[in-house]
Every structure is written in structure tokens, then in C-alpha cells.
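Student: I have a structure open and would like to learn how to read it. Can we go through it step by step?

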Amino acid sequence: MIVVHHLNNSRSQRVLWLLEELGLEYEIVRYQRDPKTMLAPPALRAIHPLGKSPVITDGDVTVAESGAIVEYLVERYGNGMLVPPPGTAEKRRWTYFMHYAEGSAMTPLLMKLVFDRVESGPAPFFVKPVARAIAHKVKSMYIQPQIEQHLDYLEAELSQHLWFAGDQFSAADIQMSFPLEAAAARAGLDGRRPHLCAFLDRIHARPAFQRALERGGPYELLK
């Protein structure tokens, strides 16, 4: 039995969605973030030394990192589902976006999250103005322009293709969902980029996505 070690409001929601798309049975072990630090609890280190989510166990196999988990599940259980045929342009796009999602798209979004907290978080009164000024300047001069560049690129891609790998929904779309949901929640993705918004509407309407939300519980990025 596949066991998903599921941290609330995390990338592990993608894993639940993929399992639902593949029609696989699975169990969920739930973990809650610390409400002050938003970090995963120490108990996750018993499953993987880094104590991060997502991580799955499948018999005696443990797989961490969302991209690795997606590829493992598709390869082992997909029977050709959710991945284009080898050697095709679609498969090359599939591979690219599987890696781009975390390797490129999430980097400025995570930086924005960190600097937002620096800008708004508690600090000694004599440090706070300096910290806020530095955070604001880094965000305005570097982070937000990077986010805008990525969103423009992705908008252009989806103006030419219905899905990220091509005309068919695939696991690459599942992998790309998290950075786009994060961008919509806190980085300015809105109706100015209609193809990206339409993508989010399409994935949210998928029955497997809805079932994953029911199994996984509230998902703050969607609020």
C-alpha cells in the first residue's frame, strides 16, 4: 500500500491528486505545520532524514521530492498514463516542465515568501526599519521582476498549447500546479494572464483534483 506522508498546505497535495488521477489506493499519514514557524514537525524525520514533505512509502521503498515521486508513480503504476510517448516533442516538454517547476519557477516565489516575512515580521525597533527597507528593495528590484518574467513566459507557452506538455493533460501539469497556485495566492497572478488563469480553472474542475482536496483537507493556497 502506498502511504503519503502529507503535510498540510504543501506540495504533497500534488501527490494526492496524481494518485487520484491514476486511480490508485493509498493511505494518508497527516502532519501539521507549526502555526508560528510554519515548519514541518520533527516526526517527519523518522520517515526521511530531512523531515520534509512530500514523501511516500511504497512497501520498502521511500521516495522524497515531489518531482521524483511523480516520476516514480507514473513509471511504476501509470501504464502509459499521464506521460507522452518517448522520443516525442511532447515528452521533451514534459521532462522540461517536470524539472522547471521546482528548479526555476519556485525559486523567486520562495524568495518572495522569505522577504515578505522579513518585511512584515517582528524585529527589534531599531532593526525593523532597516530590515523592511532592504526587503522592499530586494523584492522590487529583483524578486518581483523575476516572477513577472516567469509568468510572462508561462502565459506565452499556454497561449500555444492547452497543457504544458502539449494538447493532452499530463503529470507535468500536476507538477506545474503548485508554483502557479502559489503565484495566484501571493505573487500577482491574475486576469492579466488569462491562459494561466484558465489553466488553474481547468485543473480545479478535474474530478481527481476535487477528490484529492476531499482526502487531503483544507488547502490554503487555494484561498
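Student: Leaving aside neighbours within four places in sequence, which residues is L180 in contact with?

Tutor: This is a predicted model, so keep that in mind throughout. To read contacts, look past the sequence neighbours. L180 then touches L151, L154, F164, L189, L196, F199 and L200.

Student: What core does L180 belong to?

Tutor: L180 sits in the largest nonpolar core, which has 53 residues. L180 and L73 have the most contacts inside that core. Next, ask which domains supply the residues. Domain 1 and domain 2 both contribute, so the core lies between them.

Student: Where do domain 1 and domain 2 run in the sequence?

Tutor: The domain assignment gives domain 1 as 2–82 + 212–216. Domain 2 covers 89–206.

Student: How many residues of each domain are in contact with the other?

Tutor: Count both sides. Domain 1 brings 14 residues and domain 2 brings 18. Then look at area. The two domains bury about 1300 Å² between them. Carbon and sulfur atoms account for 61% of that area. Their centres, taken over C-alpha atoms, are separated by 21 Å.

Student: Now the sheet. What is the order of its strands?

Tutor: Read a sheet from one edge to the other. This open sheet of 4 strands runs β2-β1-β3-β4, with mixed pairing. At the edges stand β2 (26–31) and β4 (61–64). Each has a single partner strand, so one side of each is left without a neighbour in the sheet. On average, neighbouring strands are turned by 20 degrees against each other, direction ignored.

Student: In which sense do β3 and β4 pair?

Tutor: Follow the chain direction along each strand. Strand β3 (residues 55–58) pairs with β4 in the antiparallel sense, over 4 bridges. As one pair to find, V55 stands opposite A64 in β4.

Student: Which strands does helix α1 touch?

Tutor: Check contacts, then the angle. Helix α1 (residues 12–22) packs on the sheet and touches β1 (2–7), β2 and β3. The direction of α1 makes about 145 degrees with that of β1. Helix α2 (residues 66–77) lies across β1, β3 and β4. Its direction runs at about 135 degrees to β4.

Student: One last residue. Where is L110 placed?

Tutor: L110 is in helix α3 (residues 89–120). To judge exposure, use the relative accessible area. For L110 that is 36%, so L110 is partly exposed. Then compare chain and space. L110 and Y142 are 32 residues apart along the chain, and their C-alpha atoms are separated by 13 Å.

Methods: Residues are numbered from 1 along each chain as its sequence is written. This is a predicted model: local features need pLDDT of at least 70, side-chain atom pairs count only at pLDDT 80 or more; totals for chains, interfaces and linings use all residues. Side-chain values use heavy atoms; hydrogens and water are left out. A nonpolar core is a set of buried Ala, Val, Leu, Ile, Met, Phe, Trp, Tyr and Cys residues joined through side-chain atoms within 4.5 Å. Buried means under 20% relative accessible area, exposed over 50%, partly exposed in between (1.4 Å probe, protein chains only). Domain bounds come from an automatic or database domain assignment. Contact means heavy atoms within 4.5 Å. Helices (H or I, at least four residues) and strands (E, at least two) are DSSP runs, numbered from the N terminus. Two strands pair if DSSP finds at least two bridges between them. Axes are lines fitted to C-alpha atoms, for helices over the stretch in contact, and angles run from 0 to 180 degrees between N-to-C directions. Buried area is the accessible area (1.4 Å probe) that two parts lose on being put together, summed over both.
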